[in-house]
Amino acid sequence: MKVEIEKLDHYGRGITKINDKICFVENALPEEIVEIEIIKETKKYILATTTKIIKQSKDRVVPSCPYSNVCGGCHLAHLSFEKENEFKEQKVTEILEKFAKIKDITIKNIIYDKPYHYRNKITLHQKENKIGLYAKKTNTIIPIKNCLLVTEKLNDEIKKVLPSKEENIILRIGNKTQEILNQNSKKETIISYIGNKKYQVSKQSFFQVNSIITEKLYDEIKSIVKNRNSKNILDLYCGTGTIGIYISDIVDKMLGIESCKEAVEDANRNKELNNATNCTYKQGKVEDLTKEITKEYDTAIIDPPRSGLHKNVIEKLLEITPNTLIYVSCDPVTLARDLNLLKDKYEIEYIRPYNMFPRTYHVECVCVLNSDKSL
Ligand SMILES: C[S@@+](CC[C@H](N)C(=O)[O-])C[C@H]1O[C@@H](n2cnc3c(N)ncnc32)[C@H](O)[C@@H]1O
């Protein structure tokens, strides 16, 4: 069957209609005419894959990765990087309009850097004597020798991985130090830098995978804090303490809250490494520690996982209303849901997308909110 693609959905799939039913087509771009094979049909939608491109988009590129047909990692490898950045700006705008129900949100230009070799971490999977990445939408392992998303040096480490009992094999690299965490590491941690701040990272702790974009993002947060002369800061979902420590030189007091025990240990170590004596950490879920969100804080930096904010956290932020919220989000859908709840007491100044995860459909955003009382 031949179809014409209208636009991309938020997962980077082409959208068309067949007998008025929406059809999502893998590996198809807007304005392309493609032949498709239907993989699944439900009452509401059809899922298909491209079998032949009849009219090709000018934005199509040949994926440089030998695994791109089978691996589920790079959803946008067939789209030019320029268009990928446009797609992500558009995606954030559409999701915000649809789910936050707020008109005329200012979406600033997306920040991006290089499309490949940006990741400082890779998780390989191991099953039935195979080590590699998962194939698209399955747990079938495709053995790989390299991945275009990770740094060159981490690719050398992929080649050295040996069969073991681990189901997931995590490899990490420190950006300036080039220190490696692998199967044979005697050390449990490595040192990585963001700007001139030094961070200890253990295998299990969250640490942003794209060091270049992270620095640009943290610089934006720092300039917001500086311009507002914010002094008492909450760093909610603080991970290894990265954001708070990055801005610690220009604030008086910073409290970080984080649920992962190892990350809090890293955060305390990072505080010492950077002589950030004004930073303090508490371990626990933010929703269980809402008593720590008090009126003494003028700004809350919030960087939750994909699931977004727990309702107790939203309620507490609405009750205390710090002057400024700086919400860092890796999922625009949960960001929009939370903004919809925060909008009664907060005005959204702007949202800026960051291309933290090039060649995938994922996008990071920073959103700045001002409380009524600060206006
Ligand atoms: C997106 S990461 C952000 C980490 C840090 N701000 C950074 O940029 O490196 C989210 C962090 O939230 C932590 N986390 C997840 N659920 C949590 C919860 N309910 N309460 C506190 N921390 C949580 C995770 O362990 C992770 O470190």
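Is Arg337 buried, exposed or partly exposed? Arg337 is partly exposed, with a relative accessible area of 37%. The views below come from a predicted model.

**View 1. Arg337 and Asp338 pair through their side chains.** The two meet in a salt bridge, N to O, at 3.0 Å. Arg337 is the partly exposed partner, at 37% relative accessible area. Asp338 is buried, at 0%.

**View 2. Eighteen residues, counted as 18, surround the ligand.** The closest are Tyr218, Glu258, Val286, Glu287 and Asp303. The shell divides by class into nine nonpolar, five polar and four charged residues.

**View 3. Glu258, Val286 and Asp303 each place an N or O atom close to the ligand.** In the side chain of Glu258, an N or O atom is 2.6 Å from a ligand oxygen. Val286 uses its backbone: an N or O atom there lies 3.0 Å from a ligand nitrogen. Asp303 uses its side chain, with a polar atom 2.9 Å from a nitrogen atom of the ligand. The ligand taken alone exposes 600 Å², and the protein buries 87% of that.

**View 4. Lys7 and Glu94 form a salt bridge.** Their side chains meet at 3.0 Å, N to O. The pair joins distant parts of the chain, 87 residues apart. Lys7 sits in strand β2 (residues 7–8), and Glu94 sits in helix α1 (residues 81–100). Lys7 is partly exposed, at 36% relative accessibility. Glu94 is also partly exposed, with a relative accessible area of 22%.

**View 5. Glu84 and Arg359 form a salt bridge.** The closest N and O atoms are 2.5 Å apart. Glu84 belongs to helix α1, while Arg359 lies in the loop between β19 (346–354) and β20 (364–371). This pair also links distant parts of the chain, with the two positions 275 residues apart. Glu84 has a relative accessible area of 0%, so Glu84 counts as buried. Arg359 is buried too, at 3%.

**View 6. Glu84 and Arg359 belong to a network of salt bridges that includes Lys88.** Glu84, Lys88 and Arg359 are linked in this network. The model has a count of 22 salt bridges. Among them are Lys7 with Glu94, Glu84 with Arg359, and Asp338 with Arg337.

Note on methods:
Residues numbered from 1 in each chain as written. Predicted model: local features only at pLDDT ≥ 70, side-chain atom pairs only at ≥ 80, totals over all residues. Heavy atoms only, no water. Near = heavy atom within 4 Å. Polar contact = N/O pair within 3.5 Å; in protein donor to acceptor, adjacent residues only side chain to side chain. Areas by Shrake-Rupley, 256 points an atom, 1.4 Å probe, with all protein chains shown as cover. Nonpolar A, V, L, I, M, F, W, Y, C, P; charged D, E, K, R; others polar. Salt bridge = Lys/Arg side-chain N within 4 Å of Asp/Glu carboxyl O. Helix = DSSP H or I, 4+ residues; strand = E, 2+ residues; numbered from the N terminus. Buried < 20%, exposed > 50% of the residue type's maximum accessible area, 1.4 Å probe, protein only.
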